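Please read the following report alongside the sequence and the 3D view. It takes up a pocket, a sheet and two loop residues in turn.

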Amino acid sequence: VQLQASGGGLVQAGGSLRLSCAASGSVFSISDMGWYRQAPGKQRELVARSTSGSITNYADSVKGRFIISRDNAKNTVYLQMNSLKPEDTAVYSCNALIKHIGATGLRDYWGRGTQVTVSS
């Protein structure tokens with residue numbers, strides 16, 4: 001199983017970006033999916049997370065600006081980021097709890113991070 005993230009880039013403050021992360025391989029089902037970020041010199045932090053039933057939670061710093069959504073048929077999670085600020089600059093990584101075909105439990109997977117840079 002692999003998680004492939006895309007959509008990062010350079011944007012001016014106030015702009016928008018949309019991140020995508022798709023799970024591929026021997027996926028039977030996916031529980032939670034989410035996005036985390038890590039800025040230089042800081043610890044990784046939760047940005048947003050969505051359960052399989054689309055219950056969501058967000059970091060206080062992004063509430064009202066970011067929206068997490070899922071396409072369960074495509075095993076994909078999205079992060080729409082609006083009103084971006086320079087302090088949103090970080091490497092964004094996706095995470096998912098996945099049950100393999102034939103497995104009995106969930107495994108934790110991380111995608112390779114994608115850089116988001118917001119200029120002032």
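## The largest pocket

In this predicted model, the largest pocket has a volume of about 160 Å³. Its lining is made up of Val 1, Gln 2, Leu 3, Gln 4 and Ala 5, together with Tyr 109, Trp 110, Gly 111, Arg 112 and Gly 113. Sorted by character, five of these lining residues are nonpolar, four are polar and one is charged.

Which elements give two or more residues to the lining of this pocket? They are strand 1 and strand 10, the latter spanning residues 106-110. Of the two, strand 1 provides the largest share of the lining, with four residues.

## The sheet that contains strand 1

Strand 1, which contributes to the pocket lining, also belongs to an open sheet of four strands, arranged in the order 1-3-8-7 and paired in the antiparallel sense. The edges of this sheet are strand 1 (2-6) and strand 7 (66-71), each of which pairs on one side only. From one strand to the next, the twist averages 15°.

The partner of strand 1 is strand 3, covering residues 17-24, and the antiparallel pairing between these two strands runs over five bridges. Within this pairing, Gln 4 has Ala 22 of strand 3 as its bridge partner. Gln 4 is also one of the residues that line the largest pocket, so that a reader who follows this residue in the 3D view will meet both the pocket lining and the bridge to Ala 22.

## Two loop residues with positive phi

Most residues other than glycine have a negative phi. Against that background, two positions may be worth locating in the view. Asn 75 has a positive phi, near 55°, although the residue is not a glycine. Asn 75 sits in the loop that joins strand 7 to strand 8, the latter spanning residues 76-81. Is Asn 75 buried, partly exposed or exposed? Its relative accessibility is 22%, and because buried means under 20%, Asn 75 counts as partly exposed.

Ser 83 likewise has a positive phi in a residue other than glycine, here near 50°. Ser 83 is found in the loop between strand 8 and strand 9, where strand 9 covers residues 90-100. With a relative accessibility of 42%, Ser 83 counts as partly exposed, because exposed requires a value over 50%.

Methods: Residues numbered from 1 in each chain as written. Predicted model: local features only at pLDDT ≥ 70, side-chain atom pairs only at ≥ 80, totals over all residues. Heavy atoms only, no water. Pairing = 2+ DSSP bridges. Axes fitted to C-alpha atoms, helices over the stretch in contact; angles between N-to-C directions. 1 Å grid on protein atoms, 1.4 Å probe; cavity = no way out; pocket = protein on both sides within 12 Å on 5 of 7 lines; lining within 4 Å. Points joined across faces, edges and corners; volume = space filled by probe spheres on them. Nonpolar A, V, L, I, M, F, W, Y, C, P; charged D, E, K, R; others polar. Buried < 20%, exposed > 50% of the residue type's maximum accessible area, 1.4 Å probe, protein only.
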